[in-house]
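Student: I am new to this protein. Could you walk me through it with a few questions and answers?

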Amino acid sequence: MGVKRTPFYSLALFTAVLQSVFGVLAGFVNGRSPYLYIFGKLAGGLSIFTWIWIAILFRYNRRPQSSHFLCRSYAHFISFTAFFVVWLAVGIMLASQMPWECGAKMLWCAAASFSSALAFCTSFFSMGAAIVIYKDASLSGAGLAVNVAQSDKRDLEEMDKDYVNAPP
């Protein structure tokens, strides 16, 4: 039994929801940094999209008999890989504005720092989810085309048992 993907989904969702609050808060900073107000609003907007999309992926996470494209490991892998890259970039953008805020020793330093930390956390949890999805899908024998709910199954007999025992 390996590492499960659901905790990574949950933690990425949690940090994205928190980013909705603190990203917007950092966006309304009236401090000394030249771009924090832009980067903060960008982080707040992206976080809303992120947690809505992760919630949609959660909806299709446990449907072993579905052939919907959002049930495929490929959709989940691409989504979390994109979140990893985007949130890493947003974290770097927010972190680049901290010297101005923290150098002035203002309260906004905490908002910028926490928003940056949340962006990095969302990025790393998304990376963890993508790695687990890829590893499980590649070990299943079908690659990323396999249903994400069946990707952690190791052989076809296990998949057949789930299919036969599934409720109608």
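The conversation below looks at a pair of helices, a nonpolar core and a buried serine.

Student: How are helices α2 and α3 oriented to each other?

Tutor: Happy to help, and do keep in mind that this is a predicted model. The axes of α2 (residues 36-59) and α3 (residues 73-95) come within 11 Å and cross at roughly 160°. Angles over 145 degrees count as roughly antiparallel. The two helices, α2 and α3, are therefore roughly antiparallel.

Student: Which residues meet there, and how many of the residues in the contact are nonpolar?

Tutor: From α2, the residues include Leu36, Phe39, Leu46 and Trp53, and they meet residues of α3, among them Phe80, Phe83, Trp87 and Leu94. In this contact, five residues are polar and none is charged, while the nonpolar ones number 16.

Student: Which helix gives the largest share of the largest nonpolar core?

Tutor: That core has 28 residues, and Tyr9, Leu36, Phe80, Trp87, Val90 and Leu94 have the most contacts inside it. Helices α1 (6-27), α2, α3 and α5 (108-140) each supply at least two of its residues. The largest share is seven residues, and they come from α3.

Student: Is Ser73 buried or exposed?

Tutor: Ser73 lies in helix α3. Leaving out residues up to four places away in sequence, Ser73 touches Ile133, Ala137, Leu144, Val146, Asn147, Val148 and Ser151. Buried means under 20% relative accessible area. Ser73 has 0% relative accessibility, so Ser73 counts as buried.

Technical notes. Residues are numbered from 1 along each chain as its sequence is written. This is a predicted model: local features need pLDDT of at least 70, side-chain atom pairs count only at pLDDT 80 or more; totals for chains, interfaces and linings use all residues. Side-chain values use heavy atoms; hydrogens and water are left out. Axes are lines fitted to C-alpha atoms, for helices over the stretch in contact, and angles run from 0 to 180 degrees between N-to-C directions. Helices (H or I, at least four residues) and strands (E, at least two) are DSSP runs, numbered from the N terminus. Angles under 35 degrees count as roughly parallel, over 145 as roughly antiparallel, 65 to 115 as roughly perpendicular and the rest as oblique. Contact means heavy atoms within 4.5 Å. Ala, Val, Leu, Ile, Met, Phe, Trp, Tyr, Cys and Pro count as nonpolar, Asp, Glu, Lys and Arg as charged, and the others, Gly among them, as polar. A nonpolar core is a set of buried Ala, Val, Leu, Ile, Met, Phe, Trp, Tyr and Cys residues joined through side-chain atoms within 4.5 Å. Buried means under 20% relative accessible area, exposed over 50%, partly exposed in between (1.4 Å probe, protein chains only).
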